[in-house]
Amino acid sequence: MTPINATTAVVPQERRLVTEIPGPRSAALAARREAAVARGVTSVVPVFAARAGGGVVVDVDGNSLIDLGSGIAVTTVGASNLQVAAAVAEQAALFTHTCFMISPYESYVAVAERLNELTPGDHDKRTVLFNSGAEAVENAIKIARATTGRNAVVAFDHAYHGRTNLTMALTAKSLPYKHSFGPFAPEVYRMPASYPFRDGGMDGAQAARRAIELMDKQVGAEAIAAVVIEPIQGEGGFIVPAPGFLTVLADWCRAHGVVFIADEVQSGFARTGTWFACEHENVVPDLITMAKGIAGGMPLSAVTGRAELMDSVHEGGLGGTYGGNPVACVAALAAIDEMTTLDLPAQARRIEDTVKSALWAVAEKLADQDRGVIGDIRGRGAMIAVELVRPGTDEPAPALARAVAAHALSRGVIVLTCGTFGNVLRLLPPLVITEDLLVEALDVLADALMSCSPR
Ligand SMILES: *Cc1c(COP(=O)(O)O)cnc(C)c1O
């Protein structure tokens with residue numbers, strides 16, 4: 001396996017705790033934050049970052065934490081990747097902004113060319129750039145509506161598509177994303193998804209037919225502009241649909257003139273062991289939305305899709321002041337180059353092997369002691385979830401998930417949770433994390449699971 005290029009990180013790659021968590025400097029900043037920052041925005045980890053890179057985040061007190069979250073699947077190439085940092089510095093000195101809608105620049109076009117090549121399918125494609133994942137999803141739906149002349153949009157149980165009005169409507173979970181923020185955008189219909197751990201043996205094709213029948217009966221294919229789906233659901237619990245689910249759904253969309261939108265904001269860019277998660281099922285979406293891992297931490301998002309759909313929108317109908325910012329575009333080009341030269345899809349598959357075998361070992365140990373709290377281990381590449389339950393049931397154990405994450409953090413490992421029921425630990429390390437650091441983090445996580453699971 002490719003050794004991780006030393007140029008991906010200059011921050012020492014180590015777990016090192018020098019104060020309690022949070023330390024005094026973080027605590028002081030937390031007090032300032034409380035007085036200045038709106039309460040609605042919260043943080044998973046109570047420490048303030050000073051540096052980050054490779055597989056670690058170093059806080060203002062000098063604690064070095066192993067990062068199994070990548071700032072939610074963003075810092076795939078590391079948070080201070082030298083190639084990305086150099087590209088950003090160089091571009092910032094040339095110009096930070098002109099607005100692509102005023103005077104265009106080459107890097108935007110180059111990103112579009114790269115995305116047209118990298119995304120699934122060899123058909124003619126076009127790309128448009130934005131700032132955030134939610135903005136990409138909104139625009140994909142604008143494009144689908146313009147091209148079909150239809151209004152309805154179908155999303156799924158457990159879906160997460162963002163926090164703007166339309167994407168809140170698409171998102172399934174009320175607290176914390178939607179609660180008190182309505183009314184939501186109309187013409188959004190929610191269908192059951194495929195959740196193998198909770199579907200009682202239903203296979204992918206059956207789950208797809210269940211959704212299709214409801215779409216037919218409750219909406220009508222001829223009214224549906226788009227079906228939008230995460231090929232692996234992210235915030236909803238890293239749910240990998242049963243094989244066949246996506247294919248049957250995509251085939252039905254094609255047969256009925258419904259635009260199939262794959263939201264790969266979280267699952268894209270080498271994260272799952274392929275460039276895009278759709279590829280595992282050979283599904284070619286009409287439109288694909290991308291953000292998070294695209295630009296080494298710089299804010300950038302994109303919609304790429306079939307040229308005839310993308311170009312059905314009237315001139316001037318798409319855009320935004322900052323969309324495809326030049327600094328973000330050069331960062332994306334550098335990040336994509338890094339993903340290619342370091343073969344990060346292969347690194348993601350290496351991470352999957354290491355993570356899953358460590359997790360299966362803990363699951364077995366817990367089960368042997370009649371403490372079978374690990375209901376499911378799933379995911380692909382460096383997007384792996386552990387679903388925690390009450391032993392012997394499928395009853396969610398969200399308090400246990402929180403306790404395990406807190407225990408790991410107190411030992412210097414950042415672990416995120418997710419899931420409709422809040423009972424899923426999700427592991428999504430930077431793809432440039434070294435094997436040693438990953439194994440060390442998994443040892444800490446295993447300890448946390450052993451210590452926190454009820455006896
Ligand atoms: C994070 C996420 C979004 C929203 O992206 P933002 O950049 O936070 O707006 C949309 N879809 C999926 C699948 C995501 O994981």
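Colleague: In which helix is the place of Ile-72?

Modeller: This is a predicted model, where local features need pLDDT of at least 70, side-chain atom pairs count only at pLDDT 80 or more, and totals for chains, interfaces and linings use all residues. Residues are numbered from 1 along each chain as its sequence is written, and side-chain values use heavy atoms, with hydrogens and water left out. Ile-72 has phi near 65°, a positive value in a residue other than glycine. Helices (DSSP runs of H or I, at least four residues) and strands (runs of E, at least two) are numbered from the N terminus, and the place of Ile-72 is in helix α2.

Colleague: How far apart do the C-alpha centres of domain 1 and domain 2 lie?

Modeller: Domain bounds come from an automatic or database domain assignment. Domain 1 covers 6–77 + 343–452, and domain 2 covers 84–341. Their C-alpha centres lie apart by 26 Å.

Colleague: What area is buried between domain 1 and domain 2?

Modeller: Buried area is the accessible area (1.4 Å probe) that two parts lose on being put together, summed over both. Carbon and sulfur atoms give 59% of it here. The total between domain 1 and domain 2 is about 2900 Å².

Colleague: Which three residues supply 26% of the area that domain 1 buries against domain 2?

Modeller: No other three residues supply more of that domain 1 area. They are Val-77, Arg-380 and Met-383.

Colleague: Which residue meets Arg-198 in a salt bridge?

Modeller: A salt bridge puts a side-chain nitrogen of Lys or Arg within 4 Å of a carboxyl oxygen of Asp or Glu. Between domain 1 and domain 2 the count is 2 salt bridges. At 2.6 Å, N to O, the side chain of Arg-198 meets that of Glu-387.

Colleague: Which residue has a polar side-chain atom 2.6 Å from an oxygen atom of the ligand?

Modeller: Residues around the ligand (a heavy atom within 4 Å) include Ser-132, Tyr-160, His-161, Asp-263 and Lys-292. Polar backbone atoms of Gly-133 and Ala-134 also lie by ligand oxygen atoms, at 2.7 Å and 2.8 Å. The side-chain atom at 2.6 Å belongs to Lys-292.

Colleague: Which residue does a cis peptide bond join to Leu-175?

Modeller: A cis peptide bond joins Ile-21 and Pro-22, with omega about -5°. With Leu-175, omega is about 5°. The partner lies in the loop between α6 (165–170) and β6 (188–191). The partner is Pro-176.

Definitions and conventions: Polar contact = N/O pair within 3.5 Å; in protein donor to acceptor, adjacent residues only side chain to side chain.
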